[in-house]
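User: Hi! I am new to reading protein structures, and I would like to go through this one step by step. Could you help me?

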Amino acid sequence: MASLNYWTDKWDLHVDICPCDVHVNDWLAEQKITNKLIYHFGTGTHHVVGKEQAENGSGNMVFGITASIEEYEAYIKLVAGNSRVAKNYVAYFGDIYLTNPKLLPDFDVVTMVHLCEFFFPNTASAEYGGVDDRGVLDIFTAKTRPGGHILFYTKSIGFEKARPIVERWEKEANVTRVGEFKTLAVYRKG
């Protein structure tokens with residue numbers, strides 16, 4: 001039995017280094033997205049997407065994943081001290097490549113901002129049981145409601161590897177690129 005692949009570090013908020021989470025919040029505000037369910041790939045210890053959406057009065061709810069024990073511990077401390085955040089933001093610890101779509105609701109917005117950043121050599125092996133990055137993208141595309149949005153971070157450390165996957169996906173999936181926002185590529189599901 002293989003052990004869980006997880007990130008042995010944490011990601012604090014450094015807007016000048018990795019602004020994607022701030023840009024996700026900015027995009028949601030600019031688009032006046034309210035009362036929607038958001039899936040967020042990669043919470044960071046800052047939990048800025050979940051925290052902001054839970055506290056800003058938008059009515060948005062965030063379901064986020066982290067593969068970092070430190071980031072998950074930061075989430076526990078955050079919600080233990082803030083019931084409003086606890087009610088509207090759930091983060092879970094796991095490997096996104098092991099996602100079982102049967103456990104997921106449908107989402108209005110999905111952030112794939114860390115696509116191609118966390119794949120391990122054994123991820124897609126039969127023993128481990130994971131999917132590859134295209135598999136992750138396909139799972140979350142299927143779990144995005146028609147008219148919903150899927151966001152990518154174009155400055156990601158994995159985006160050069162993600163770019164050809166996204167380009168093939170754009171041709172094969174029922175999605176349309178609707179533009180860019182700061183460092184984000186924005187798609188809408190048909």
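**A walk through the model**

Analyst: Happy to! Lys182 is exposed, its relative accessible area being 52%. Keep in mind that this is a predicted model.

User: What does the side chain of Lys182 meet in a salt bridge?

Analyst: Side chains of opposite charge can pair when their charged atoms come close. For Lys182, the salt bridge has an N to O distance of 2.8 Å, and the partner is Asp26.

User: How many residues apart in sequence are the parts that this pair ties together?

Analyst: Look at where each partner sits: Lys182 is in the loop between E6 and E7, while Asp26 belongs to helix H1. The pair therefore ties together parts whose separation in sequence is 156 residues.

User: Is Asp26 buried, partly exposed or exposed?

Analyst: Buried means under 20% relative accessible area and exposed means over 50%, with partly exposed in between. Asp26 has a value of 27%, so Asp26 is partly exposed.

User: Which residue takes a positive phi in the hairpin of E6 and E7?

Analyst: Strand E6 (residues 175–181) and strand E7 (residues 184–189) run antiparallel and are joined by six bridges. One bridge pairs Thr176 with Arg188 in E7. Two residues lie between the strands of this hairpin, and the one with a positive phi near 55° is Lys182.

User: Which strands stand at the edges of the sheet?

Analyst: The sheet is open, with seven strands in the order E3-E2-E1-E4-E5-E7-E6 and mixed pairing. An edge strand has a single partner strand, so one of its sides is left without a neighbour in the sheet. The strands at the edges are E3 (89–93) and E6.

User: What is the bridge partner of His40 in E2?

Analyst: Strand E1 (residues 37–41) runs parallel to strand E2 (residues 61–66), and five bridges join them. In E2, the partner of His40 is Gly64.

User: What angle does the direction of helix H1 make with that of E7?

Analyst: Helix H1 (residues 20–30) packs on the sheet. There, H1 touches E1, E4 (107–111), E5 (144–153), E6 and E7. Its direction and that of E7 make an angle of about 50°.

User: Which helix lies across E2 and E3?

Analyst: This helix covers residues 69–80 and runs at about 150° to E3. The helix is H3.

User: Is Lys143 buried or exposed?

Analyst: Lys143 forms a salt bridge with Asp106, and their closest N and O atoms are 3.5 Å apart. Lys143 lies in the loop between helix H5 (133–142) and E5, and Asp106 in the loop between E3 and E4. Asp106 is partly exposed at 35%. For Lys143 the relative accessible area is 16%, and under 20% counts as buried, so Lys143 is buried.

User: How many salt bridges does the structure hold?

Analyst: Another example joins Arg177 and Glu180, with the closest N and O atoms 2.5 Å apart. Arg134, Asp138 and Glu172 are also joined, by salt bridges that share partners, into one network. The number of salt bridges in the structure is eight.

User: Is H5 roughly parallel or oblique to H6?

Analyst: The axes of H5 and helix H6 (residues 159–172) come within 10 Å and cross at roughly 40°. Among the residues that meet are Leu137 in H5 and Trp169 in H6. Angles under 35 degrees count as roughly parallel, and the crossing angle makes H5 oblique to H6.

Key. Residues numbered from 1 in each chain as written. Predicted model: local features only at pLDDT ≥ 70, side-chain atom pairs only at ≥ 80, totals over all residues. Heavy atoms only, no water. Pairing = 2+ DSSP bridges. Helix = DSSP H or I, 4+ residues; strand = E, 2+ residues; numbered from the N terminus. Contact = heavy atoms within 4.5 Å. Axes fitted to C-alpha atoms, helices over the stretch in contact; angles between N-to-C directions. Salt bridge = Lys/Arg side-chain N within 4 Å of Asp/Glu carboxyl O. Buried < 20%, exposed > 50% of the residue type's maximum accessible area, 1.4 Å probe, protein only. Parallel < 35°, antiparallel > 145°, perpendicular 65-115°, else oblique.
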